[in-house]
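Please open the structure in your viewer and keep the selection tool ready. The tour proceeds by short selections, each followed by a description of what is found there.

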Amino acid sequence: MALYDYVTQEQLSGFDKYKYSAVDSNPLSIYVMHPFWNSVVKVLPTWIAPNLITFTGFMFLVLTFTMLSFFDFDFYASGKGYTHVPSLVWIAAGLFNFLAYTLDGVDGKQARRTNSSTPLGELFDHGLDSWACVFFVATVYSVFGRGDTGVSVVTLYYLLWVVLFSFILSHWEKYNTGILFLPWGYDISQVTISIVYFITALVGVETWYKPVIWNIYYRDFFTVMIVGCLFVVTLPMSLYNVFKAYRNNTLKHSSVYEALLPFFSPVVLFVLSTLWISFSPTDIVQRQPRIFYLMVGTAFSNVTCKLIVCQMSNTRCKPLSLLLLPMTAVVLLVISGTVQQSETLILYIWTAVVLFTHIHYGVSVVKQLSDHFNIYAFSLKKPNSD
């Protein structure tokens, strides 16, 4: 795979000066998860690289997504009259999700324990986190499915965007304040998802068919939890943190335009993908929901990773990601109706392009930063010849 220099010299210089700054105020994280992660990291061998822990946790999510894709590709399996996902699969999903969450909490502690913390490790961690959003959202959807007691694929599309928007808010905060305020919703959602998988394994998906009270189903709580985490917790806290930085005169970007730059590409991506499902000649999101979610989530991760590079290197965020230019052409071609018979094929091809582009970008950035930090470390150790 050919590599490309995606990180500019200005950004490389910015990484050399970068210092990690984060605030975690979630009681669940502080009083429950961190003590647990501290116990876990003590039993890990010191030779295990933190980035390997990060990647392993991410691959557990990919494995869960792949496993549920096999048993429930179209999200019908949990509906009445369909062959349900085996209980052992739900047990595996619960274990894999909790392992992924645990490893995501342990990797940074392992880095500090082995004195191997680097900006590359943080970028690798947060970059994979941005991609993980689509995997755990699409996977937990199989619990309820798209039947009468489930959630429609269009509704889940918008719920996916609620999760994606919640994620980018934290990095928008850091882009403007220099501090990463870890969102409360993440810890709550990960623990809840793991518990739901285990409950489903024990009692079956039929449990979710029954109303909890009156005509309110469990799927309604699922929807309220996702939307509520954004509008009741994440968004107000993000706005408060940015306002506090403004009041203390510590904002990194003084103009509203510069402060809002990180939102431009995600908004364009949202508009393009929404236009596609709204004017699709073959109602593509009904026919291929899993692939469409994967395409959107991967494109979002690519956009977000570029923001993370900018925030960590203290450089200006570009208004538009180049990936969105060919996507615009694809969407216009599809909604024009001229390729109606090939829309599914076009979706698969474009999803493959997005996946390849994002993986190429990630490998290239990791390679470029690794080489840079190795040269930088060597220059610090090299004796002065003067």
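The expected span of a helix is 1.5 Å times one less than its number of residues. This rule is needed at the first stop. Please keep in mind throughout that the model is a predicted one.

**Stop 1: helix α11**

Select α11, which covers residues 289–313. With 25 residues at 1.5 Å a residue, α11 should span 36 Å, and its end C-alpha atoms are indeed 36 Å apart, which agrees. Is α11 largely enclosed by the rest of the structure, or largely open? Of its 25 residues, 24 are buried, so α11 is largely enclosed by the rest of the structure. A residue counts as buried when its relative accessible area is under 20%. Now add Asn314, which comes just after α11 and takes a positive phi of about 55°.

**Stop 2: the second largest pocket**

Keep α11 selected and add Tyr6, Lys306, Lys318, Ser321 and Tyr361. Among the 26 residues that line the second largest pocket, these five lie nearest its centre: Tyr6, Lys306, Lys318, Ser321 and Tyr361. The space in this pocket is about 600 Å³. Which elements give two or more residues to its lining? They are α1 (9–16), α9 (256–278), α11 (289–313) and α13 (343–381). The largest share, 6 residues, comes from α11.

**Stop 3: a salt bridge after α11**

Side chains of opposite charge can pair when their charged atoms come close. Select Arg316 and Glu258, whose side chains meet in a salt bridge with an N to O distance of 3.0 Å. Arg316 lies in the loop between α11 and α12 (324–335), while Glu258 lies in helix α9, so the pair ties together parts that are 58 residues apart in sequence. Arg316 is partly exposed, at 45% relative accessible area, whereas Glu258 is buried, at 19%.

**Stop 4: a salt bridge within α13**

Next, select Lys367 and Asp371. Their side chains also form a salt bridge, 2.7 Å from N to O. How many residues apart are Lys367 and Asp371 in helix α13? They are 4 residues apart, which means that about one helical turn separates them. Lys367 is partly exposed, with a relative accessible area of 39%, and Asp371 is also partly exposed, at 33%.

**Stop 5: helix α6 and its link to α5**

Move to α6, residues 153–177. The expected span for its 25 residues, at 1.5 Å a residue, is 36 Å, and the end C-alpha atoms of α6 are 36 Å apart, which agrees. Since 21 of the 25 residues of α6 are buried, this helix is largely enclosed by the rest of the structure. Gly178 follows α6 and has a positive phi, near 85°.

Within α6, select Lys174 and then add Glu122. Their side chains meet in a salt bridge of 2.7 Å, N to O. Lys174 belongs to helix α6 and Glu122 to helix α5, so the pair ties together parts that are 52 residues apart in sequence. Are these two residues buried or exposed? Lys174 is buried, with a relative accessible area of 2%, and Glu122 counts as buried at 9%. In the whole model the count of salt bridges comes to 4.

**Stop 6: the largest cavity**

A search of the whole structure finds 4 cavities of 30 Å³ or more. The largest has a volume of about 130 Å³. To locate it, select Phe58, Leu61, Ala100, Asp104 and Asp129, which are the closest to its centre of the 16 lining residues. The elements α3 (50–71), α4 (87–113), α5 (119–144) and α7 each give two or more residues to this lining.

**Stop 7: a nonpolar surface patch**

Select Val212, Ile213, Trp214, Ile216 and Phe221, which together make a nonpolar surface patch of about 530 Å². Ile216 is found in the loop between α7 (184–203) and α8 (218–247). This residue, Ile216, is partly exposed, with a relative accessible area of 33%.

**Stop 8: across the structure**

Finally, select Leu332, in helix α12. Leu332 is exposed, with a relative accessible area of 52%. Add Pro236 and display the distance between the two C-alpha atoms: Leu332 and Pro236 are 96 residues apart along the chain, and their C-alpha atoms are separated by 36 Å.

Definitions and conventions
Residues are numbered from 1 along each chain as its sequence is written. This is a predicted model: local features need pLDDT of at least 70, side-chain atom pairs count only at pLDDT 80 or more; totals for chains, interfaces and linings use all residues. Side-chain values use heavy atoms; hydrogens and water are left out. Buried means under 20% relative accessible area, exposed over 50%, partly exposed in between (1.4 Å probe, protein chains only). Patches are made of residues with over 30% relative accessible area and no salt bridge: like charges are joined within 9 Å, nonpolar side chains (Val, Leu, Ile, Met, Phe, Trp, Tyr) within 5 Å. Accessible areas come from the Shrake-Rupley method with a 1.4 Å probe; for residues, only the protein chains shown count as cover. On a 1 Å grid over the protein atoms alone, a cavity is a set of points where a 1.4 Å probe fits but cannot get out, and a pocket is an open set with protein on both sides within 12 Å along at least five of seven lines; lining residues have an atom within 4 Å of a point. Grid points are joined across faces, edges and corners, and a volume is the space filled by probe spheres set on the points.
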